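Here is a model to question. Each term used for it should be earned by a value and a cut-off.

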Amino acid sequence: MSSNFTTYLLEKNILYLSNEINFNSTKSFISTVLYLNKQNNKEMINLYINGKGNSYYDLFTRYDQIISIHDIANSMQTKLSTLVLGIAFNEMCLISSYGSKEYRYALPTSLMYIDVFMNSISSAQTSDIGIKKAELYKFNYLIVNLFGKHTQKHPSEITSYFTRPTHLTSLDALNYGIIDKVI
């Protein structure tokens, strides 16, 4: 039954992203998007999002995965519609902004949460902390600029707005430019 249901969703250009963002889910997502884009690039891909994003176990892998998803979502010919169902925390919130302009949605009761991207430097030797901190600043700069691109906000505005963990209702996300419509 699950296989038939998954096949049906793919035939209708529907993807559901709910798993933790990790290597396997990113690989599966990108493969599926490439397949759908190749099969019928005239029809919109509908991405339903409900999830907490990623764990903090490997920060650099975390950034690699959201950048990979961004690159594939923005390089395909097919339009991408995003719809947040329930929650979209951290990376999932960022991914919800990747939809084509005018096709980024959330349900009225959806909740988005953005944690401070720079809050994770694992315990390491003192000499390694400076190196990790410099790398984190590079990744943070990239993520803030990606968010700026999709929300039409200046990176300094994003940085100042999200200096602390931030909960956004659907209307807050709409007003901030993460989504285009509450449905």
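What follows is a set of questions and answers on this predicted model.

Q: What makes up the secondary structure of the protein chain?
A: Seven helices and seven strands. From the N terminus on, the order is α-β-α-β-α-β-α-β-β-α-α-β-α-β.

Q: How much of the protein chain counts as buried?
A: Of its 183 residues, 43%. The cut-off for buried is under 20% relative accessible area.

Q: What share of the contacts in the protein chain between residues at least 6 apart in sequence joins residues at least 24 apart?
A: The share is 73%.

Q: Why is Thr166 called buried?
A: Its relative accessible area is 12%. Buried means under 20%, so Thr166 qualifies. Thr166 lies in strand β6. Beyond residues up to four places away in sequence, Thr166 touches Met112, Tyr113, Ile114 and Tyr161.

Q: Which residues form the covered face of strand β6, and which the uncovered one?
A: Thr166 and Leu168 are on the covered face. His167 and Thr169 are on the uncovered face.

Q: How do you know that β5 and β6 pair?
A: Four bridges join strand β5 (residues 111-114) to β6. Pairing needs at least two bridges, so the two strands qualify. They run antiparallel. One of the partnerships is that of Met112 with Leu168 in β6.

Q: What makes the phi of Asn13 worth a remark?
A: The angle is near 60°, a positive value in a residue other than glycine. Most residues other than glycine have a negative phi. Asn13 is in the loop between α1 and β1.

Q: Why does Asn13 count as buried?
A: Asn13 has 5% relative accessibility. The limit is under 20%, so Asn13 is buried.

Q: Where does Asn90 lie, and what is its phi?
A: Asn90 lies in the loop between β3 (80-89) and α4 (91-96). Its phi is near 50°, again a positive value in a residue other than glycine.

Q: Is Asn90 buried or exposed, and why?
A: Buried, because its relative accessible area is 6% and the cut-off is under 20%.

Q: Why is Gly99 called buried?
A: Gly99 has 7% relative accessibility, which is under 20%, so the word applies. Gly99 lies in the loop between α4 and β4 (104-106).

Q: What is Gly99 in contact with, leaving aside its neighbours within four places in sequence?
A: Leu80, Thr82 and Arg104. The C-alpha atoms of Gly99 and Leu80 are separated by 4.9 Å, though the residues are 19 apart along the chain.

Q: What makes the pair of Asp180 and Glu102 a polar contact?
A: A polar atom of the Asp180 side chain lies 2.7 Å from the backbone nitrogen of Glu102. The limit is 3.5 Å, so the distance fits. Asp180 is found in the loop between α7 (170-176) and β7 (181-182). Outside its neighbours within four places in sequence, Asp180 is in contact with Ser100, Lys101, Glu102, Tyr103, Arg104 and Leu174.

Q: What is the volume of the largest pocket, and which lining residues are closest to its centre?
A: The volume is about 340 Å³. Of the 15 lining residues, Leu15, Tyr16, Leu17, Ser28 and Thr32 are the closest to the centre. α1 (2-11), β1 (14-17) and α2 (23-39) each supply at least two residues of the lining.

Q: How many residues of each class are in the lining of the largest pocket?
A: Nine are nonpolar, six are polar and none is charged.

Conventions. Residues numbered from 1 in each chain as written. Predicted model: local features only at pLDDT ≥ 70, side-chain atom pairs only at ≥ 80, totals over all residues. Heavy atoms only, no water. Polar contact = N/O pair within 3.5 Å; in protein donor to acceptor, adjacent residues only side chain to side chain. Contact = heavy atoms within 4.5 Å. 1 Å grid on protein atoms, 1.4 Å probe; cavity = no way out; pocket = protein on both sides within 12 Å on 5 of 7 lines; lining within 4 Å. Points joined across faces, edges and corners; volume = space filled by probe spheres on them. Nonpolar A, V, L, I, M, F, W, Y, C, P; charged D, E, K, R; others polar. Buried < 20%, exposed > 50% of the residue type's maximum accessible area, 1.4 Å probe, protein only.
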